[in-house]
Amino acid sequence: MTMLDEQAREVLRRNDRGGYTVPTDGLYPYQWNWDSAFAAWGFATFDLPRAWQELETLMAAQWDDGMVPHIIFHRSDPGYFPGPDVWATNRTPATSGISQPPVAASLARLIWQEDEEMGQARLAALYPRLVAWHRWWHDKRCTHGPAAITHPWESGRDNCPDWDIGMAGVDSSGVGEYTRRDTGHVDPSMRPSKAEYDRYIAMVQFGVSVGWDQQRIVAEGPFLMADPGITFILLRAHQDLAVLGRALGQDVSEIESWAMELRNALPLIWNPVLQAYDAKNLRTGEFAGVLGSGAFLAYLAGAANPELDAQLMRVWDAVQYGIPSADPEAEIFDPRRYWRGPAWPVVNSLMAIGLRDAGRDDLVARLKNETAELIERHGFFEYFDPIDATPCGGDNFTWTAAIWLTWAGKDRGEERAKGAA
Ligand code: GLC
């Protein structure tokens with residue numbers, strides 16, 4: 001075990017709040033949905049029971065309709081805005097009212113593969129909840145074909161340029177006064193602008209105004225966009241969930257039908273002008289016209305093609321450390337601002353799974369090497385400038401530590417020794 005492996009474990013342990021892990025101390029003081037699934041994957045490298053427990057606390061916050069919320073506010077923390085009082089979902093524990101990328105089934109499958117015998121019972125208990133969550137995605141968010149999001153935060157790629165056209169239609173004139181907390185923790189130039197934040201809050205206020213009725217939010221809410229990122233993550237997760245179901249002796253035909261429907265919807269998010277998968281404003285039918293990490297998650301779902309391969313290499317070769325979250329040759333590219341250009345180790349780890357399955361070992365090795373270098377040079381930061389490696393956002397980040405342990409840092413000592421020989 002290397003010193004960085006030990007430090008990565010330490011990050012997970014220190015961010016453990018007793019059964020759930022915060023993304024990082026200060027900036028994100030609660031349990032976040034997909035962060036938590038990555039935390040579980042990280043814990044699985046040295047503490048399998050703790051890994052299962054992480055997924056259990058996450059799924060325990062599931063709503064009656066099957067949604068697993070994007071934040072679970074276990075203990076109130078004044079250092080974060082918008083907190084439970086703003087979301088006002090009337091749940092115990094308090095939660096937000098939207099979801100987040102459903103990576104849990106895919107990562108549960110990886111954890112279970114490490115723990116098939118002992119993990120079988122824990123998996124069996126989680127399985128019905130995972131199925132109910134996937135059904136929620138199918139019924140409530142795939143009504144237009146591809147997976148839709150009702151708030152940019154639901155995408156997990158909060159501030160990416162994909163959402164700009166949808167955000168432009170959000171009226172924020174009535175949001176009123178509030179105090180942001182994020183800009184007190186990290187450099188404001190890396191965070192969303194005030195105008196963007198006003199719109200985020202306006203969308204939350206709409207959810208509150210309809211009592212978080214998901215059907216009304218989809219039908220009448222201020223924002224509804226098809227998200228290639230979630231579409232591919234969900235498609236992959238349906239497949240992984242079906243594998244888990246089969247291993248548990250369950251009938252998985254319903255899950256398989258969701259996957260088939262979703263795959264059949266992929267042409268709806270292929271933008272022929274952009275030559276890539278693209279986000280789409282479902283209120284207007286307009287494409288975002290933005291190439292970014294959502295499109296490249298197609299690898300995870302086995303949905304890439306030669307055009308996308310060419311785009312991937314173009315954007316990757318334009319930076320030093322891949323894969324940039326937005327196109328470096330586009331005007332909106334901003335190498336240090338949230339999701340508008342930076343490289344996110346955690347997203348790289350998902351793409352690497354897809355590239356590996358596609359037999360692109362050369363690309364997996366390159367991506368792993370570049371991701372590992374970022375972490376070796378600067379530590380477990382939230383994300384990085386893809387041109388000069390500047391560490392950005394929060395430090396001691398759970399998911400960056402987790403993907404170091406599960407992927408980027410794996411066998412790194414031996415690889416470096418080989419390289420030097
Ligand atoms: C930011 C990210 C989101 C993540 C959260 C906690 O909001 O955009 O994906 O889940 O931070 O790390």
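A salt bridge here is a side-chain nitrogen of Lys or Arg within 4 Å of a carboxyl oxygen of Asp or Glu. Glu-56 and Arg-122 fit that description, with their side chains meeting at 2.8 Å, N to O. Keep in mind as you look around that this is a predicted model.

## Salt bridges

Let's stay with Glu-56 and Arg-122 for a moment. Their pair ties together distant parts of the chain: Glu-56 belongs to helix H3 and Arg-122 to helix H6 (residues 116-141), with the two positions 66 residues apart. How open are they to the outside? Glu-56 is partly exposed, with a relative accessible area of 27%, and Arg-122, at 27% relative accessibility, counts as partly exposed too.

Helix H3 (residues 48-60) also has a salt bridge inside it, so to speak: Glu-54 and Arg-50 both lie in this helix, 4 residues apart, which is about one turn. Their side chains meet at 2.9 Å, N to O. Are these two buried or exposed? Glu-54 is buried, because its relative accessible area is 0% and buried means under 20%. Arg-50 counts as buried as well, at 7% relative accessibility.

A further salt bridge joins Glu-376 and Arg-412. This is another link between distant parts of the chain, with Glu-376 in helix H16 (residues 361-378) and Arg-412 in helix H18 (residues 412-420), 36 residues apart. Here the partners sit in unlike surroundings: Glu-376 counts as partly exposed at 26% relative accessibility, whereas Arg-412 is buried, with a relative accessible area of 7%.

Here are those pairs side by side.

| Acidic partner | Basic partner | N to O distance |
|---|---|---|
| Glu-54 | Arg-50 | 2.9 Å |
| Glu-56 | Arg-122 | 2.8 Å |
| Glu-376 | Arg-412 | 2.7 Å |

How many salt bridges turn up in a search of the whole structure? The count is 31. Some residues are joined in a network of salt bridges: Arg-109, Arg-236, Asp-240, Arg-356 and Asp-357.

## Aromatic rings

Rings are the next thing to look for. The structure holds 29 aromatic pairs. One of them is made by Phe-232 and Tyr-277, an edge-to-face pair with 4.8 Å from centre to centre and 75 degrees between the planes. These two come from distant parts of the chain, with Phe-232 in helix H11 (residues 228-247) and Tyr-277 in strand E7 (residues 276-277), 45 residues apart. Phe-232 is buried, with a relative accessible area of 0%, and Tyr-277 is buried at 7%.

Tyr-277 has another ring partner, Trp-270: their centres are 4.9 Å apart and their planes are at 85 degrees, so this pair is edge-to-face. Both Trp-270 and Tyr-277 are buried.

Some rings have an arginine over the face instead. Arg-191 lies over the face of Tyr-338, at 4.3 Å from the ring centre. Arg-366 does likewise with Trp-316, at 4.2 Å from the ring centre.

## A small sheet

Now for some strands. An open sheet of 3 strands runs in the order E1-E2-E3, with antiparallel pairing. Which strands are at its edges? They are strand E1 (31-32) and strand E3 (94-95), each of which pairs on one side only. E1 and strand E2 (residues 71-73) pair in the antiparallel sense over 2 bridges, and Trp-32 stands opposite Ile-71 in E2.

## Two buried loop residues

Finally, a look at two spots in loops. Thr-24 is found in the loop between helix H1 (3-15) and E1. Thr-24 is buried, with a relative accessible area of 4%. What does the side chain of Thr-24 reach? The backbone oxygen of Asp-395, at 2.7 Å. Leaving aside neighbours within four places in sequence, Thr-24 is in contact with Asn-15, Pro-29, Asp-395, Asn-396 and Phe-397.

Gly-322 is in the loop between helix H14 (306-317) and helix H15 (345-357). With a relative accessible area of 0%, Gly-322 is buried. Not counting residues up to four places away in sequence, Gly-322 touches Trp-316, Ala-343, Asn-348, Leu-367 and Glu-370. Trp-316 is also the ring that has Arg-366 over its face. To get a feel for scale, try Gly-322 and Ala-125: they are 197 residues apart along the chain, and their C-alpha atoms are separated by 38 Å.

Definitions and conventions:
Residues are numbered from 1 along each chain as its sequence is written. This is a predicted model: local features need pLDDT of at least 70, side-chain atom pairs count only at pLDDT 80 or more; totals for chains, interfaces and linings use all residues. Side-chain values use heavy atoms; hydrogens and water are left out. Two strands pair if DSSP finds at least two bridges between them. Rings of Phe, Tyr and Trp (its six-membered ring) pair if their centres lie within 6.5 Å; planes under 30 degrees apart count as stacked, over 60 as edge-to-face and the rest as tilted. Buried means under 20% relative accessible area, exposed over 50%, partly exposed in between (1.4 Å probe, protein chains only). A charge sits over a ring if NZ of Lys or CZ of Arg is within 6 Å of the ring centre and within 35 degrees of the ring normal. A polar contact is a pair of N or O atoms within 3.5 Å; within protein, one must be able to donate a hydrogen and the other to accept it, and residues adjacent in sequence count only if both atoms are side-chain atoms. Contact means heavy atoms within 4.5 Å.
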